[in-house]
Structures are given as structure tokens and as C-alpha cells.
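This report describes how side chains pack inside one protein chain. Please look at the sequence and the model before reading on.

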Amino acid sequence: MDRRPHRGQARQREDGAGRLTPEELAERLLAWYRRARRDLPWRRTSDPYRIWLSETMLQQTRVETVIPYYERFLARFPTLDALAAADSEDVLRAWAGLGYYARARNLQRAAAAVVRDHGGLLPRDPAALAALPGVGRYTTGALRSIAFGERAALVDGNVKRVLARLSAWRAPTDAELWQRAEAWVPEKDAGDWNQALMELGATVCTPRGPTCLLCPVESLCGARRAGDPEAFPAPRKRALVRTVRWIAGVVERRGRVLLVRRPGEGLFAGLWELPTLEGGDAARLAAALLARTGIRSAPAGPLGRVRHLLTHRDLRLQVVRLTDSGGRLERAARREARFCGARELDRLPLSALAKKALALRRPM
Ligand code: SF4
């Protein structure tokens with residue numbers, strides 16, 4: 001039998017990935033995923049709550065970092081009801097160190113909304129899912145496909161790169177990538193397909209040095225055919241990283257250090273930290289502390305500096321010692337400020353930045 005490709009097939013291959021058949025792509029990628037996927041805790045469950053938690057934790061965070069947090073969090077809040085009913089400070093403490101704390105606050109708010117409005121079960125309706133705090137287009141696609149087995153696409157950083165390379169697109173827009181993801185997601189096994197795309201991006205089709213020789217879809221890939229897969233997609237202009245300068249003060253009283261809870265909705269909101277001021281100097285920090293808590297203090301010299309890099313911010317924290325000059329914590333401030341001993345420091349939710357700053361303390 002003549003097994004040479006007929007002219008139509010040959011042209012289909014040469015024309016690039018825009019012409020490859022989604023069916024062939026799905027068949028190969030799914031077979032590879034079932035053979036090669038990493039054994040991760042959230043892949044051993046079909047519980048929508050656990051899948052939701054993992055998808056939320058994995059945003060902007062590496063798999064290896066997430067695993068111990070995921071397991072500890074579930075040991076503490078094993079069900080959606082338990083999370084909805086939890087003290088928000090306990091939730092933040094379980095999240096402390098994982099960063100992007102809005103994810104934890106939204107997760108708990110969403111869990112409460114699911115209990116209140118949907119009888120404790122995550123809704124299947126995409127509009128109802130998308131109405132939950134913190135559940136965007138990506139998470140909706142992940143829940144619908146992975147947890148509920150529905151045909152739904154998702155696009156994250158890994159999927160963007162894989163789709164752009166398969167399609168040999170140098171500068172695709174987000175809308176084009178979503179369109180392609182929606183067009184290619186198979187009717188059956190959408191959850192595995194989405195996870196396969198992400199797995200390929202994380203382990204084979206990496207940003208630098210993709211291992212195309214090990215890739216199950218190499219012969220279908222437009223970027224590979226173009227000869228320089230790493231050049232796809234072309235790097236986007238990096239968002240500007242803003243340098244933010246804060247000053248934080250260590251005030252100690254009888255071996256206990258004064259901590260305050262960060263108010264509002266922004267970065268680190270709800271977490272405990274040393275009294276901190278954006279900009280300014282030690283004298284202004286002491287004045288702000290007096291106004292907020294009733295504790296009088298005076299500048300007593302620098303302790304050191306801490307730097308903390310976030311995606312769009314370069315936080316530079318100067319840590320100073322403030323001598324305790326007396327004053328009582330005002331009644332109104334007691335929920336938001338307290339002198340803490342070692343045991344309390346272990347119990348409160350502290351960001352990695354706060355821990356680094358506290359490590360600069362030296363015994364007086
Ligand atoms: Fe990525 Fe290379 Fe596979 Fe194309 S062939 S999808 S560039 S790993």
C-alpha cells in the first residue's frame with residue numbers, strides 16, 4: 001500500500017499550524033498527558049471545592065510552592081462549608097507566605113456566597129460562577145472543564161505560549177488566544193485537554209529552551225517548523241515595576257513587639273505587620289503610630305532594610321527601632337494593634353515581608 005501522503009495532506013502540513021486538525025492535536029496531546037502527567041494532589045480528586053482551591057492557589061504561583069499550602073489548607077478547611085464559616089484571620093494565616101492575599105479573601109467570600117445562594121454547592125452555570133468574588137474567566141473555564149466535565153476553554157500563561165507556538169503567532173492578542181482555545185477544546189475530555197495544554201507549557205514547551213524533541217505535537221507545531229520556537233510569541237513589553245518605599249518601626253515593651261493589622265483591601269490587607277508608613281521618616285512614623293494606637297515612641301536608629309519583589313512592585317522597606325515612650329493602646333485600636341510575644345507571632349497571619357522585617361529585630 002502506498003503510504004506516502006497525498007498532495008492535500010502534504011499541503012496541510014506545510015501550510016502551518018493554522019491548518020492542523022484540532023482532532024489530531026487533541027488525540028496526541030491527550031494520549032501524552034495520560035502517560036506523562038505529574039501526579040499532583042489536586043489531580044487525585046473530583047471534588048469541585050478542592051479543584052477550585054488548587055486553581056486559585058496556582059495563579060501566579062509555582063506548583064512546588066503550592067503543594068504544601070494546598071495540603072495544610074485542606075487539613076484546616078476540608079470543605080467549602082468549613083471555609084465559609086471560618087474566621088477570616090485563620091484563613092489568612094493558612095495562606096500566609098503564598099502571597100496575593102486578595103485570592104484568600106475572595107475565596108472565603110465566594111465560599112460564603114456559595115453557601116448562602118447555592119446551597120453549598122459550586123454552581124455549574126457559567127454566569128453564576130463568574131459572579132463569585134475572585135472567579136474570573138480562567139477559573140470559570142477550569143471549574144467547568146476540570147470539575148464538571150463540560151466543554152469549556154481556559155487560557156493562562158502556559159496555554160498562551162503553547163497556543164501561540166502551535167499557531168506560529170508572533171504577537172497574538174488575548175482575544176485571539178481565547179478564540180483559538182475555544183475553537184480547539186474538544187467535546188469530550190475538555191478538563192484533561194486544558195490540563196494537558198498547561199502541563200505541556202510547564203514541562204516541555206517552556207518559555208526558554210522548549211524541548212521540542214520530546215513534544216508529542218512537534219510535527220504539528222508551526223513555531224517548530226519556523227525553526228525558532230523560542231521566538232514565539234515575541235516577548236511583550238514588560239509592565240513597569242513601581243518602586244515603593246516604606247518605613248516600618250519596631251516598638252518593644254517587656255519583650256513583646258507591637259504589631260498592627262493592615263486595613264483596607266489592598267496589598268497585605270488583613271495581615272499583621274510592624275507599624276508601617278509609605279514614604280516618610282521615623283519621626284513621621286512615630287507620629288502616625290501615636291495617632292493610630294495611642295502608643296508614644298521616638299526614633300532610635302536604623303535596624304536594616306528588606307526588599308520584596310512583586311510582579312509590578314519593588315517594595316523597599318526600611319526598618320527602624322522606635323523606643324517605647326509609654327502610652328496605652330486605645331480601646332478602639334485594640335482589635336487592630338497589639339504587643340505580641342513569640343507564641344502570638346506564630347499564631348498571627350504575617351506576610352513573608354513582615355517576617356523578614358521582624359527578623360531584623362535585635363534584643364535591646
Ligand atoms: Fe512547544 Fe516545541 Fe512542542 Fe512546538 S514543538 S509546542 S514549540 S515544545
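## Nonpolar cores

In this predicted model, the largest nonpolar core has 96 residues, and W52 and F73 have the most contacts inside it. A second, separate core has 14 residues, including L258, L289, I295 and L329. In soluble globular proteins, nonpolar side chains tend to be buried together.

Which residues does F73 touch, if those up to four places away in sequence are not counted? They are Y49, L53, M57, L83, V91, A94, W95 and L107. F73 has a relative accessibility of 0%; buried means under 20%, so F73 counts as buried.

## Aromatic pairs

How many aromatic pairs does a search of the whole structure find? The search finds five. One of them joins F73 and W95: the ring centres are 5.8 Å apart and the planes stand at 85 degrees. An angle over 60 degrees counts as edge-to-face, so this pair is edge-to-face. The pair links distant parts of the chain, since F73 lies in helix α4 (residues 63-76) and W95 in helix α6 (residues 88-95), 22 residues apart. W95 is buried, with a relative accessible area of 0%. Ring pairs also bring in F77, giving a cluster of F73, F77 and W95.

W246 and F268 form another edge-to-face pair, with 6.2 Å from centre to centre and 75 degrees between the planes. Here too distant parts of the chain are linked: W246 is in strand β1 (residues 242-250), while F268 is in the loop between β3 (256-261) and β4 (272-273), 22 residues apart. Both W246 and F268 are buried.

## Charges over rings

Two arginines have their charged ends over aromatic rings. The charged end of R72 sits over the ring of Y69, 4.9 Å from the ring centre. The charged end of R137 sits over the ring of W178, 3.9 Å from the ring centre.

## Helix α9

Why is helix α9 (residues 137-147) described as largely enclosed by the rest of the structure? Nine of its 11 residues are buried, so the description follows. The buried residues in α9 are Y138, T139, T140, G141, A142, L143, S145, I146 and A147.

What do the buried residues of α9 pack against? Their partners are α3 (48-58), α8 (126-130), α11 (174-184) and α12 (190-203). Just after α9, G149 takes a positive phi of about 70 degrees.

Methods. Residues numbered from 1 in each chain as written. Predicted model: local features only at pLDDT ≥ 70, side-chain atom pairs only at ≥ 80, totals over all residues. Heavy atoms only, no water. Phe/Tyr/Trp six-rings, centres within 6.5 Å; stacked < 30°, edge-to-face > 60°. Helix = DSSP H or I, 4+ residues; strand = E, 2+ residues; numbered from the N terminus. Buried < 20%, exposed > 50% of the residue type's maximum accessible area, 1.4 Å probe, protein only. Lys NZ or Arg CZ within 6 Å of the ring centre and 35° of its normal. Contact = heavy atoms within 4.5 Å. Core = buried A, V, L, I, M, F, W, Y, C linked by side-chain atoms within 4.5 Å.
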